[in-house]
Amino acid sequence: VPSRSRRGRNGVVTLTTDIGWAYAAQMKAVLLSARPDLRVIDLAHDLPAHQIREAAFVLRAMAGGFPPGSVHVAVVDPGVGGPRAPLVLETPDGSALVGPDNGILAPLAELLGGARAFRIDLRRLGARPRVGTTFDGRDVFAPAAARLAAGAAGRELGVPSRFRGLDLPAPSIRRDGVGGEVVHVDRFGNLITNIPSGRLPAQVRSVDLRVGTRPSRTVPRATSYLGLGRLRLGILGSSFGTVEVAVGEGNAAERLGVGAGVPIRLRWRRRRSNDK
Amino acid sequence: VPSRSRRGRNGVVTLTTDIGWAYAAQMKAVLLSARPDLRVIDLAHDLPAHQIREAAFVLRAMAGGFPPGSVHVAVVDPGVGGPRAPLVLETPDGSALVGPDNGILAPLAELLGGARAFRIDLRRLGARPRVGTTFDGRDVFAPAAARLAAGAAGRELGVPSRFRGLDLPAPSIRRDGVGGEVVHVDRFGNLITNIPSGRLPAQVRSVDLRVGTRPSRTVPRATSYLGLGRLRLGILGSSFGTVEVAVGEGNAAERLGVGAGVPIRLRWRRRRSNDK
Amino acid sequence: VPSRSRRGRNGVVTLTTDIGWAYAAQMKAVLLSARPDLRVIDLAHDLPAHQIREAAFVLRAMAGGFPPGSVHVAVVDPGVGGPRAPLVLETPDGSALVGPDNGILAPLAELLGGARAFRIDLRRLGARPRVGTTFDGRDVFAPAAARLAAGAAGRELGVPSRFRGLDLPAPSIRRDGVGGEVVHVDRFGNLITNIPSGRLPAQVRSVDLRVGTRPSRTVPRATSYLGLGRLRLGILGSSFGTVEVAVGEGNAAERLGVGAGVPIRLRWRRRRSNDK
């Protein structure tokens, strides 16, 4: 483990991509060639291809808990080779984020307290010449991450820059419910929404659930998958702090035939003494 | 690498789950935030969802060979949020196992020489407050593993407890054969059974194989996939020390349409001088 | 991190396999039991089963960029248990390659400057007795890699040997074009060919593309996926330095129904002043 560098980096470099293991391996080669003592941590290489918003949501949840001083590289980059800038973001805790300026880094940067951005200048990287323009993960982001993990400042790698924000979808609050959408589908087919679990009053035990254009149905609100009951559809609090739609021991995405981006609406009866 | 701690831990924490990479990444964040010098080793995150017995079998084979003093975390946990306890098991070699009390840890513990169990007391973890009750891997097991890897004893994290055993299925020995079942399907579709390879007399070169309710057929016993012959069904000794059903350069699970849990019966002709 | 050993190894052991995570985990157990301070790096465990040529191509691209003194283990080994030898190759940069003598190591060895080969002698490994003959990755290659990473020389593990070459397919150059084949399909379904990007004259902006036995069609040559346009088929320079066939934001392998091994032919109009 490298000693804590002058910029407070901790030697950890995380990788989050949609490019699969074989391409990610080439990034590891660059990282370890530059700095053999880096600790490269695979977060995910199987993110849905080209889905920037879903990746941004998952990246925030994965990398947000890492220790200060980590370097996080994100490669979901359908615009590679185009005009979008290669970025370094520096956050107040001494962490650095590296990736394309397509919004993928923005929610994580916000979680970590905001960021100063630098547009990577390839001439400053000392990187091997680019083979092509299809894999900045290897040719630009990995060499930049190695430099950052070794203590370089963002301003050593590029020039101050603005960066593109990405507003994860916000739920819409209504008098008798809340509307949102599916922002991530996990390995079990659970539909993770953007609706904060705290939006549902504690006493609500069932809701009218509408998924996409399907007819609304009344489903239970459970506190665990077990509590849902086998193959029963319902909602519960996800580990992202938001509502999820799940099927007990089953796959909600398959059952409902939906995925990320689909609208979700929850309604419930308000408990009032004068309700009829 | 951390120096060997007072309890003989070696700084290695392995992760075995059915939750996929993105959730497992959140466990890594907790581990490295607690102890930046831990060596986190991914064993598997693609185990079949909710299949505790298969996971227990694979976990034993994977983690059983790790050096003494490792900490092994297992998260195949369909009962999360329910009454099943979160456990630490301590084995005589200085290793520690962490996971739900659903039997997943039991075969590994037995292999390592037995275990003393402790029910994790969340108040002793110093963990961040639980976001929900759907992800004890991150909220309970990872912080416990970090403490253990740093040298904490099980009794510092919880109270002595019984733990649930899990008897992996045992083969039934008969005069002219043996019955068992498929306990794991590997990436190639090979059907790994619970029948010890040593049960077959050395001179047996072919067997009557019955898989599930399919008609019995005579198949060769080979000593390698190559020896089976291309696309030919047969049996051989698996790397788990048990019999496997395989197809040369093919996929037995797909060919036969079966998976873990399916009964297997092998019969062979006894070689006797007075056989007619 | 181990100090640089007497043979210039750097403590890094990479794993490239088609066996899946659960089997690869058993290799990690052997490696870390032998040498707890090794840095085991997963390159890929999801390579197409038994496809030696594709694995050799990908291995070269992944491992070729690692720092000198790394040990690279490759397990795509359909001939396990048969007569093919277990090999160690030593390259001039102090790296060592470990795997079966089926050609998988040859292109990487050539890239690294050639190799001296040794046939591993199991008696010299000090390995645990082999459970069977189905998993040399765990029983032979992992213990050999641990010894090599600790500084052992190939001659300490076996006897000098020849090794099997593997000629990756070479493109055929024609007056008005070039013929080659798909050597790898990446996670996005891009068809990576063996045709060097430099073969196409810089001014060529579109080509007649023939894939397998499908009718030829004129497609654009782009410099980025973005430049292809959404769902449009075309070619561009891959990150392997060769031509790839891709679909903008889409999956070329699915669209065309082809995979590795399929012939590719590109033709273009030569820009000559006397062309009619």
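I will go through one helix of chain B and the interface that chain B forms with chain A.

This is a predicted model, where local features need pLDDT of at least 70 and side-chain atom pairs count only at pLDDT 80 or more, while totals for chains, interfaces and linings use all residues. Residues are numbered from 1 along each chain as its sequence is written, chains are lettered from A in the order in which they are written, and side-chain values use heavy atoms, with hydrogens and water left out.

The helix is α1 of chain B, residues 21–34; helices here are DSSP runs of H or I, at least four residues. At 1.5 Å a residue, its 14 residues should span 20 Å, and the end C-alpha atoms are 20 Å apart, so the two agree. The expected span is 1.5 Å times one less than the number of residues.

Is α1(B) enclosed or open? Of its 14 residues, 12 are buried, so the rest of the structure largely encloses α1(B). Buried means under 20% relative accessible area, with a 1.4 Å probe and protein chains only. Among them are Trp21(B), Tyr23(B) and Lys28(B).

Now the interface. Chain B puts 31 residues into the contact and chain A 29 residues, with contact meaning heavy atoms within 4.5 Å. On the chain B side, α1(B) supplies the largest share, 9 residues. By class, that side has 16 nonpolar, 10 polar and 5 charged residues, where Ala, Val, Leu, Ile, Met, Phe, Trp, Tyr, Cys and Pro count as nonpolar, Asp, Glu, Lys and Arg as charged, and the others as polar.

Last, salt bridges: the count between the two chains is 0, taking a Lys or Arg side-chain nitrogen within 4 Å of an Asp or Glu carboxyl oxygen.

Methods. Helices (H or I, at least four residues) and strands (E, at least two) are DSSP runs, numbered from the N terminus. Buried means under 20% relative accessible area, exposed over 50%, partly exposed in between (1.4 Å probe, protein chains only).
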